[in-house]
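Colleague: I am new to this structure and would like a close look at a single part of it. Please take me through that part step by step.

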Amino acid sequence: MHFWSSKSDSVKFRLFQTPEGLESGKYKFSISIMGGDAGDYEAYAYAKVDGETVATSKMEITSYGSWSTGTVYNIEYAAGQALEVGIYVRCAGAGAGAWGKIDDAKLNLS
């Protein structure tokens, strides 16, 4: 996924999935981001179980080609629960505007 904006304080979003049919167990979720001109920013990978955030992992937005991977470990999941995994990004923007790419989302039994 790619994002870009030339306006201040205009980048704020969650990119997430709600997988279904998973077996019970402990899971690990990871996702990567790279970008630039973020200015003041906040970025983190997260996991929610039944609507409650169970873990987050802070991520960096620094420059082109510098990927930052957030990994959330030990997500305890029981079959039938609602699971959401994703990334939250907020950038104030600087210079030519905030931009970035998100890739390599993985959810695995740990």
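**Ile87 and the sheet around it**

Modeller: Ile87 lies in strand β7, which covers residues 83-91. The model is a predicted one. With a relative accessible area of 0%, Ile87 is buried, since buried means under 20%.

The neighbours of Ile87 come next. Leaving aside residues up to four places away in sequence, Ile87 touches Phe13, Arg14, Leu15, Ile31, Ile33, Tyr44, Ala45, Tyr46, Met59 and Ile102. One of these contacts, Ile33, is 54 residues from Ile87 along the chain, and the two C-alpha atoms are 9.1 Å apart.

Now the sheet. Strand β7 belongs to an open sheet of four strands, ordered β2-β7-β4-β5, with antiparallel pairing. The edge positions are taken by β2 (11-17) and β5; each of them has a single partner strand, so one side of each has no neighbour in the sheet. On average, neighbouring strands of this sheet are turned by 20° against each other, direction ignored.

Strand β4 spans residues 41-49 and is joined to β7 by nine bridges, the two strands running antiparallel. Within that pairing, Ala45 has Ile87 as its bridge partner in β7. Ala45 is also among the residues that Ile87 touches.

Two other contacts of Ile87 are Tyr44 and Tyr46. Together with Tyr88, Tyr44 and Tyr46 make up one aromatic cluster. The structure as a whole holds five aromatic pairs.

From β4 the order of the sheet leads on to β5. Ser57 sits in this strand, β5, which runs over residues 52-58. Its relative accessibility is 14%, so Ser57 counts as buried. Not counting residues up to four places away in sequence, Ser57 touches Ala43, Tyr44, Ala45, Gly70, Thr71 and Val72. Tyr44 and Ala45 therefore appear in the contact lists of both Ser57 and the buried Ile87. The side chain of Ser57 also reaches the backbone nitrogen of Thr71, at 3.2 Å.

Two residues in other strands have backbone angles to note. Asn74, in strand β6 (residues 68-77), has a positive phi of about 55° although it is not a glycine. Asp104, in strand β8 (residues 98-109), also has a positive phi, near 60°, and is likewise a residue other than glycine. Asp104 is partly exposed, with a relative accessible area of 45%.

Conventions
Residues numbered from 1 in each chain as written. Predicted model: local features only at pLDDT ≥ 70, side-chain atom pairs only at ≥ 80, totals over all residues. Heavy atoms only, no water. Buried < 20%, exposed > 50% of the residue type's maximum accessible area, 1.4 Å probe, protein only. Polar contact = N/O pair within 3.5 Å; in protein donor to acceptor, adjacent residues only side chain to side chain. Contact = heavy atoms within 4.5 Å. Phe/Tyr/Trp six-rings, centres within 6.5 Å; stacked < 30°, edge-to-face > 60°. Pairing = 2+ DSSP bridges. Axes fitted to C-alpha atoms, helices over the stretch in contact; angles between N-to-C directions.
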